[in-house]
Amino acid sequence: ATAARMLGDLAAARTDLVKALELLRGFRGGDIDRLRARAGGDLTVVLIDRGDFKAALKVARRAAKVADKLPAADRAPVFNALGMACKYTARFAEGLAAYRRAGIAARWAYPAGSLFHATLEHNLGGIHHAAGDAQRAEPHARRSVELRKRHLGPDHPDALADEAALAAVLDLREQWDEADRIHRRVLAGFTAALGRRHPEVAHATG
């Protein structure tokens, strides 16, 4: 589940897990940096989920130091994880630099417009939003919604979550009519998909 979330799609996650098994089966001393980088990328996401942001940043930085030795498909998620950790610790310039490196790797590793790109666009929108720059956040938020809907459909919870993020950006930009329409659609979509008692529905209501 962590790999799927980090890489953005199940196909990429399955490939990632296969590569991890190959590394473990054929482990040699020279492979240790690659294993550390992979583990660091995964662990960063887990720590962020737990709210341990300082530890996540420490792990992500350690992983990023050896990530250049990895294939692009493995390098992109590591830098994406570093960007996430930087966002939650308010290190915005470092986070944007990490996302740029993730984007460069993603061009080699994933087809244009993939779900990984949707995740990267979502995260770029998120870090600009967290930094208080809603104008720069908006195009990334719109792109993530477009890609997520294309791959998953408009009513998938992940697509709805991206729409909720877009609405939050539009709120800051005082584009309240569009934001209100999106908030209502997200609430209706989450209610239909997850039920009225699901935490995402409560969050959308708030």
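Here is a short chat about how some helices pack in this predicted model.

Residues are numbered from 1 along each chain as its sequence is written, and side-chain values use heavy atoms, leaving out hydrogens and water. Local features need pLDDT of at least 70 and side-chain atom pairs count only at pLDDT 80 or more, while totals for chains, interfaces and linings use all residues.

Visitor: Are α4 and α5 roughly parallel or antiparallel?
Guide: Helix α4 covers residues 53-67 and helix α5 residues 72-88 (helices are DSSP runs of H or I, at least four residues, numbered from the N terminus). They pack at an angle of about 150 degrees, axes 8 Å apart (axes are lines fitted to C-alpha atoms over the stretch in contact, and angles run from 0 to 180 degrees between N-to-C directions). Angles over 145 degrees count as roughly antiparallel, so α4 and α5 are roughly antiparallel.

Visitor: How many charged residues are in the contact of α4 with α5?
Guide: Contact means heavy atoms within 4.5 Å, and residues including F53 and L57 in α4 meet others including F79 and L82 in α5. Asp, Glu, Lys and Arg count as charged. By class there are 14 nonpolar residues, no polar ones, and the charged ones number two.

Visitor: What span is expected for α10 at 1.5 Å a residue?
Guide: Helix α10, residues 176-194, has 19 residues. The expected span is 1.5 Å times one less than the number of residues. From first C-alpha to last, α10 reaches 26 Å, close to the expected 27 Å.

Visitor: Which residue follows α10?
Guide: Look just past the end of α10 for a positive phi, near 95 degrees. That residue is G195.

Notes. Helix = DSSP H or I, 4+ residues; strand = E, 2+ residues; numbered from the N terminus. Parallel < 35°, antiparallel > 145°, perpendicular 65-115°, else oblique.
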